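Thanks for asking me to look this over. Here are my notes, point by point, to read beside the model.

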Amino acid sequence: MPHPHCFFKRLALLLPGAVICHGQPVVTPLAIRAIAQVEVHATVQGRDSTRLVPAGRVASGEWVIYTLEVRNTSAATLPAPAVTFPIPQHMFYGADTAIGPGADVTYSIDGGHHFDLPEHLTINEPDGKTRSAAATDYTHIRWQLKNPLKANSVAFVRFRAQMK
C-alpha cells in the first residue's frame, strides 16, 4: 500500500496503475481509467431523452462528466483504497458533483498535497485576507472507499467539470 501522502496521478495512459509516491512512479494493482462524456438531449417520438456520449471538442462553458473506472488488477483484495484525481486543466470542478458509492470525498486546493472537507479549505489572498475556498479553487478530488476492493473487481466514481 502506498504512503498515505502519495497520490494517484492520471498516468493510466502511460503506466496503468501508476502512483506517484515521493515524486517517483510506483506500480500498484489499481488501474484507473477516466471516461469523459457529455450529455446530449434529444426528442424522440415526442419524448425528451438524455444520453451520455464520449466528449469530443468541448466548448467554453460546457459541462463534462468524468467517470473513473477503478480496477483492482491483482488476485488479492485491496483494503479500502483511496483514489485521487486531478481536475483536468482548463476545467472548473462542479460544486457537489463528486460521488462514489461507499466513498468519502475530500478536496485539495494545493495541487494534491493536502486534502480536506470543503468547509475546512481556505485560500490566503495576496492582500493577507483569508476566504473560504470555492469549488473553482479545487485542484484534486480524493475518494476514500469505505470498503475493500475485491480481486479483479471494479469501482466507479464520478464528477462534473466545466470548461473554462
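1. Let me begin with the charged pairs, keeping in mind that this is a predicted model. A search of the whole structure turns up six salt bridges. One of them brings together the side chains of glutamate 39 and arginine 160, with an N to O distance of 3.2 Å. This pair ties distant parts of the chain to each other: glutamate 39 belongs to strand S4 and arginine 160 to strand S13, 121 residues apart.

2. How exposed are these two partners? Glutamate 39 has a relative accessibility of 35%, so it counts as partly exposed. Arginine 160 is also partly exposed, because its relative accessibility is 30%.

3. Arginine 131 deserves a look of its own. It forms a salt bridge with glutamate 125, where the closest N and O atoms are 2.3 Å apart. Arginine 131 also forms a salt bridge with aspartate 137, and there the closest N and O atoms are 2.8 Å apart. Elsewhere, Arg33, Glu69 and Arg71 are joined into one network by salt bridges that share partners. As for accessibility, arginine 131 is at 32% and therefore partly exposed, while glutamate 125, with a relative accessible area of 27%, is partly exposed as well.

4. Now for the overall fold. The protein has 13 strands and zero helices, so the pattern along the sequence is simply β repeated, β-β-β-β-β-β-β-β-β-β-β-β-β. Among contacts with a separation of 6 or more, 69% are between residues 24 or more positions apart. Of the 164 residues, 38% count as buried. The protein exposes about 9,900 Å², and carbon and sulfur atoms supply 55% of that area.

5. Which residues touch the most other members of the largest nonpolar core? In this set of 31 residues, they are Leu68, Tyr93, Ala98, Tyr107, Ile141, Trp143 and Phe159. The elements giving two or more residues to the core are strands S4 (30-44), S6 (63-72), S7 (82-86), S8 (91-93), S9 (103-108), S12 and S13.

6. Tyrosine 107 is a good place to zoom in on that core. Setting aside neighbours within four places in sequence, tyrosine 107 is in contact with Tyr93, Ala98 and Ile141. Its contacts also include His114, Phe115, Asp116, Pro118, Leu121, Tyr138 and His140.

7. Two loop serines make a nice pair to read together. Serine 74 sits in the loop between S6 and S7, and serine 153 in the loop between S12 (140-145) and S13 (154-163). Is serine 74 buried or exposed? Its relative accessibility is 19%, so it counts as buried. Serine 153 is at 19% too and therefore also counts as buried. Please note that the cut-off for buried is under 20%.

8. What do these serines touch? Not counting residues up to four places away in sequence, serine 74 touches Pro29, Ala151 and Asn152. With the same exclusion, serine 153 touches Val70, Arg71 and Asn72. Asparagine 72 appears again in a polar contact of 2.7 Å, which joins its side chain to that of serine 74.

How values were computed. Residues numbered from 1 in each chain as written. Predicted model: local features only at pLDDT ≥ 70, side-chain atom pairs only at ≥ 80, totals over all residues. Heavy atoms only, no water. Helix = DSSP H or I, 4+ residues; strand = E, 2+ residues; numbered from the N terminus. Buried < 20%, exposed > 50% of the residue type's maximum accessible area, 1.4 Å probe, protein only. Contact = heavy atoms within 4.5 Å. Areas by Shrake-Rupley, 256 points an atom, 1.4 Å probe, with all protein chains shown as cover. Core = buried A, V, L, I, M, F, W, Y, C linked by side-chain atoms within 4.5 Å. Polar contact = N/O pair within 3.5 Å; in protein donor to acceptor, adjacent residues only side chain to side chain. Salt bridge = Lys/Arg side-chain N within 4 Å of Asp/Glu carboxyl O.
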